[in-house]
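Could you walk me through how the helices and strands of this model fit together? I would like to follow it piece by piece.

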Amino acid sequence: MSQQQDLLRDAMRRLNLTRDAFSERLGVRRRALDTWLLPDDSGESRAMPEMVGKFVAEILQREALGAVVAGGAADDRSIGQRIAAEGKPHLLSVAQFDRGSLEDLFQVADIMQPIARRQKVTRILEGAVLGSLFFEASTRTRVSFGAAFCRLGGTVCDTTGFTFSSMAKGESIYDTSRVMSGYVDALVVRHPDQGSVAEFARATNIPVINAGDGPGEHPSQAILDLYTIQREFSRMGKLVDGTHVAIVGDLKYGRTVHSLIRLLALYRNLKFTLIAPPSLEMPPYLLELVARHGHVIEQTQSLEEGLRGADVVYATRIQKERFAGEEIEGYTPEFQVRKSLVDAVCKPDTILMHPLPRDGRPGANDLSVDLNHDPRLAIFRQTDNGIPVRMALFAVLMGVEKQVARSMRDAGWRSPAHIGPDDADFDGLD
């Protein structure tokens, strides 16, 4: 993505304006704005006039000054300082973010996009080592974090499983964390017990990122999910404010939805439709949190009614590994989000999301594979976005985010225009 696209996308996000409203604010035709947002290699891409760039910068400056006047002194701390956990550079919970720091992180992720897309390379973390500690099975998250760190020039020391860990021999979390911190420069930890990652963080001053703590939280997944929603909405001229989000599946143990609903609560006037059987409903403390922010919450066991009119459908699988002898009642194949149902009750521009993995077996109560060629299915764009978002998190927590833009150079290899053979063009606006 060019600097021109970065500037325009960031301006729309910060000003909270749709494309129509932004083009009107600039005094230009919507069509002109669209051509400025097209990728450089598009035949219809156009460079915006220099005067427009200056005008955008002035608008953002005036908005920033207005915010200072309204809210007091400007916060000139870095993103890492603003989201610190007890003064340390850890990411343990999405509760560390407010809307401003979240938007600033997304701006860093935008800068990372050319690197994530194999067009540029950087070595800003050359010499740094990541310790990847997964005491619970993972493939996607573990590889995604490792790839993100490597694309910043670092290297990864990887370990998975509890059985072969010294913790299985009785070593404390504190000792494990302190020992590992002497070997590496950052830790990514997944653990089956809620709160365990926070224990790792208390024993060290190097950055620790929570990659999932049992049924607790999965903050980086929620951040990349929201980043995906914003990018999908951007091409359609929609805002996150005022949107209708349907969340279906295991809402009791699904840590991804626990984190996502907390982040979405930072926006305005949302409607949440929560679709789950009684045994898998969203925990009450999260419902209370969302309600305190003034959002509308509906709960239903009817998939057909719950999906109707939604702007975003976020499906999750059953977290069977979280059950301790409990029965799963009322969760039948009728909970499968399949193409015939989506076509019947969802809008043409509804976004279909899933944190993956999904159960692709016939009749499984999950997001059906018969949607694979539906342009509304965003799950692979969603996973692709995990790389720039996690790169941004590493850069912010390790204090190098301002070095990224000037450190980039062209990649020396050729990568395919589409990673998957069935990937579609992102409406020419990606």
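**Helices and sheets, step by step**

Let's begin with a pair of helices, α1 and α6, which cross in a right-handed sense. Please keep in mind as you look that this is a predicted model. Helix α1 covers residues 3–15 and helix α6 covers residues 99–116; their axes lie 10 Å apart and make an angle of about 165°. Angles over 145 degrees count as roughly antiparallel, and α1 and α6 are therefore roughly antiparallel to each other. On the α1 side, the residues that take part are Asp 6, Asp 10, Arg 13 and Arg 14, and they meet Glu 103, Asp 104, Phe 106, Gln 107, Asp 110 and Ile 111 of α6. Sorted by class, this contact has seven charged residues, two nonpolar ones and one polar one.

Phe 106 is worth a second look, as it leads us to another helix. The model has four aromatic pairs. In one of them, the ring centres of Phe 106 and Tyr 227 are 5.3 Å apart and the ring planes stand at 50°, so the pair is tilted. Phe 106 sits in helix α6 and Tyr 227 in helix α10, 121 residues apart, so to speak a link between distant parts of the chain.

From α10 we can step to a sheet. Five strands with parallel pairing make up this open sheet, in the order β8-β7-β6-β9-β10. The edges are taken by β8 (296–300) and β10 (351–353); each has a single partner strand, so one side of each has no neighbour in the sheet. From one strand to the next, the twist averages 15°. Strand β9, residues 312–315, pairs with β10 in the parallel sense over three bridges, and here Val 313 stands opposite Leu 352 of β10. Helix α10 (residues 219–236) packs on this sheet, where it touches β9 and β10, and its direction makes about 160° with that of β10.

There is another open sheet to visit, with four strands in the order β3-β2-β4-β5 and parallel pairing. Here β3 (155–160) and β5 (208–213) are the edge strands, and each has a single partner, so one side of each is left without a neighbour in the sheet. The twist in this sheet averages 10° from one strand to the next. Strand β4 (residues 186–191) joins β5 in the parallel sense over four bridges, with Leu 187 opposite Val 208 of β5. Helix α7, residues 140–151, packs on the sheet and touches β2 (129–134), β3, β4 and β5; the direction of α7 makes about 175° with that of β2.

Definitions and conventions
Residues numbered from 1 in each chain as written. Predicted model: local features only at pLDDT ≥ 70, side-chain atom pairs only at ≥ 80, totals over all residues. Heavy atoms only, no water. Axes fitted to C-alpha atoms, helices over the stretch in contact; angles between N-to-C directions. Helix = DSSP H or I, 4+ residues; strand = E, 2+ residues; numbered from the N terminus. Parallel < 35°, antiparallel > 145°, perpendicular 65-115°, else oblique. Left-handed = near helix turned anticlockwise from the far one by under 90°. Contact = heavy atoms within 4.5 Å. Nonpolar A, V, L, I, M, F, W, Y, C, P; charged D, E, K, R; others polar. Pairing = 2+ DSSP bridges. Phe/Tyr/Trp six-rings, centres within 6.5 Å; stacked < 30°, edge-to-face > 60°.
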